[in-house]
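Colleague: I should like a close look at one part of this model, set in its surroundings. Please explain each term as you reach it.

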Amino acid sequence: MREVSTGRVVIVGAGLGALYAALKLAPRPVLMISPEVLGQGASSAWAQGGVAAAMDPADSPAAHARDTLIAGAGTVDPEVAHRVTQEARAHILDLTTLGTPFDRRPDGGYVMSREAAHSFARVVRVRGDQAGAEIMRVLVACVRETPSVQVLEGVIATGLSVENCAVTGVEVALSGPQGSAPLRIRAPAVLLAGGGSGGLYALTTNPSRIRGQVIGMAARAGAEIADAEFVQFHPTAIDCGEDPAPLATEALRGEGAHLINRLGERFMPAIHPDAELAPRDVVARAIYAQTQAGLRPMLDTRACLGPRLLTDFPAVAEACARAGIDPTREPIPVAAAAHYHMGGIAVDDDGRASLDRLWVCGEASSTGLHGANRLASNGLLEALVFARRCALSIEAQPVPVQDEPQVLLPDLPPGTVPDPALVARLRRAMTEGAGVLRDAGGLARCLREIAAIEAAQPDCPALLNMTATATLIAAAALMRQESRGAHCRTDFPQTMAEGRRSRLTLAQALALRASLEPETT
């Protein structure tokens, strides 16, 4: 394998966490690895709701932490929840200073939306549903103007180099259709901020590249993974045949939109006292049940928003227009779609992983904040808080501070890319076996199918990263013999009295997979 060395901190990813960390590390030399043009292809840019923060004087970080604990269904780390919510306001003010055009009232206060399981309207937004895109636009511009940050665009990380349980660099390849042979970049510190795992499922709201690769590469290197079984399905992806599915933001329900079925019946009031604003796992299962029953669930915004949806929620309006839906005259068809991975690479309070010289922030991490069911709009908040913590922790390391030359990529010959048919097969297997509803038989079949997919293309690191994460999700789900938050076992419907987080290595997950009996026909 060809190799280059740098004194720069390598950041894998180009979403909100990666960009914010790069800015917080300045003037420390940084190398960002971005598969797309900077700012494109990141889940952060697609986040519609906003950032949860107690900005209103009537609200408080303690109340925000309490809501986070309740939504997380017994597996949130209380200390993490309190520390993160306490920092939230400072990050909103920081983003405002950088130029983020948050919606403001005439008196200068922030316009706040209420989303599911929040006891208060505390989601700071931009133009209704443009928060992620606008925050990303501002951060990308700031990074472009920061001389200490070099961005390698069109490059994807495929692995980690490890010596004596310490990460010594990353392995990368060109991200184009033909891929390339790998290149090892040796570096003094690596920060993984490359997104979650939603694209491992057939129906997802995540960008097409977000398929668990970052979690998988860390797992293949030996890092500990926490809470892998907890995958959040967003209740209201727009069911219009697009892949990935566009999102109908939860803020619509916060504005009073109702969920109905093709018979015109509201079904949430009979399921939960908060109806449409129940925790996401509850609403997702209700939507899924309606779909499975052939009752075509829909989101009705006509009475609460009417024509105002077209101006106040432009992303939703644009998605509806593409699908030929007029939300001012008809309800929007919706489905539950893989949206956010609460689990990920286990990290401590400073964002450190179990491997030395490796830090993680954003959706690829598992900090203990989200538990079994992420509270709405806490994802971007967690990315901000831990991006800064990772930067501070890396700053404390003996990393060179002098000007560092830019990394030059050598010519790389063609490489191996995942077979699209195998990726589609993997997505079907995960949806059928490790989706909204799970049981032992389905999870075992899913694990056996993942093994077969691996065996069909064993020389492709990018595919092995995907199957590693898929294996961890399914294995952890098989091991958790209860239903909790987003993890619903139809064969174990009860919730245990004591909540516990799961911890798993890939070696342990593979041993479980290997122990399964062959399926009889």
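Which elements do the buried residues of helix 9 pack against?

Modeller: The model is predicted, and local features need pLDDT of at least 70, side-chain atom pairs count only at pLDDT 80 or more, while totals for chains, interfaces and linings use all residues. Residues are numbered from 1 along each chain as its sequence is written, and side-chain values use heavy atoms, with hydrogens and water left out.

Helices (H or I, at least four residues) and strands (E, at least two) are DSSP runs, numbered from the N terminus. Helix 9 covers residues 314–322, and its buried residues are Pro314, Val316, Ala317, Ala319 and Cys320. Buried means under 20% relative accessible area, exposed over 50% and partly exposed in between, with a 1.4 Å probe and protein chains only. These buried residues pack against strand 13 (231–238), helix 6 (251–254), helix 8 (308–312) and strand 16 (332–341), where contact means heavy atoms within 4.5 Å. After helix 9 comes Gly324, with a positive phi near 75°.

Strand 13, one of these partners of helix 9, also takes part in the lining of a cavity. On a 1 Å grid over the protein atoms alone, a cavity is a set of points where a 1.4 Å probe fits but cannot get out; a pocket is an open set with protein on both sides within 12 Å along at least five of seven lines, and lining residues have an atom within 4 Å of a point. Grid points are joined across faces, edges and corners, and a volume is the space filled by probe spheres set on the points. The structure holds one cavity of 30 Å³ or more, and the volume of the largest cavity is about 50 Å³. Among its lining residues are Gln232, Phe233, Arg280 and Asp281. Strand 13 and helix 7 (280–292) are the elements that give two or more residues to this lining; helix 7 gives the most, with four.

The second largest pocket has a volume of about 580 Å³. Its lining comprises 28 residues, and Gly176, Arg209, Val417, Pro418 and Ala462 lie nearest its centre.

A different part, for contrast with helix 9, is an open five-strand sheet with parallel pairing and the order 7-3-2-11-18. Two strands pair if DSSP finds at least two bridges between them. Strand 7 and strand 18 (358–360) are the edge strands, each pairing on one side only. Neighbouring strands are turned by 20° against each other on average, direction ignored; axes are lines fitted to C-alpha atoms, for helices over the stretch in contact, and angles run from 0 to 180 degrees between N-to-C directions.

Within this sheet, five of the five residues of strand 3 (residues 30–34) are buried, so strand 3 is largely enclosed by the rest of the structure. Val30, Met32 and Ser34 are buried on one side, and Leu31 and Ile33 on the other. Strand 3 pairs with strand 7 (residues 149–153) in the parallel sense over five bridges, and Ser34 stands opposite Glu153. Strand 2 (residues 9–12) and strand 3 run parallel and are joined by four bridges. Val30 of strand 3 is the bridge partner of Val9. At the other edge, strand 11 (residues 190–192) and strand 18 run parallel, joined by three bridges. Helix 10 (residues 378–395) lies across strand 2, strand 11 and strand 18, at about 160° to strand 18.
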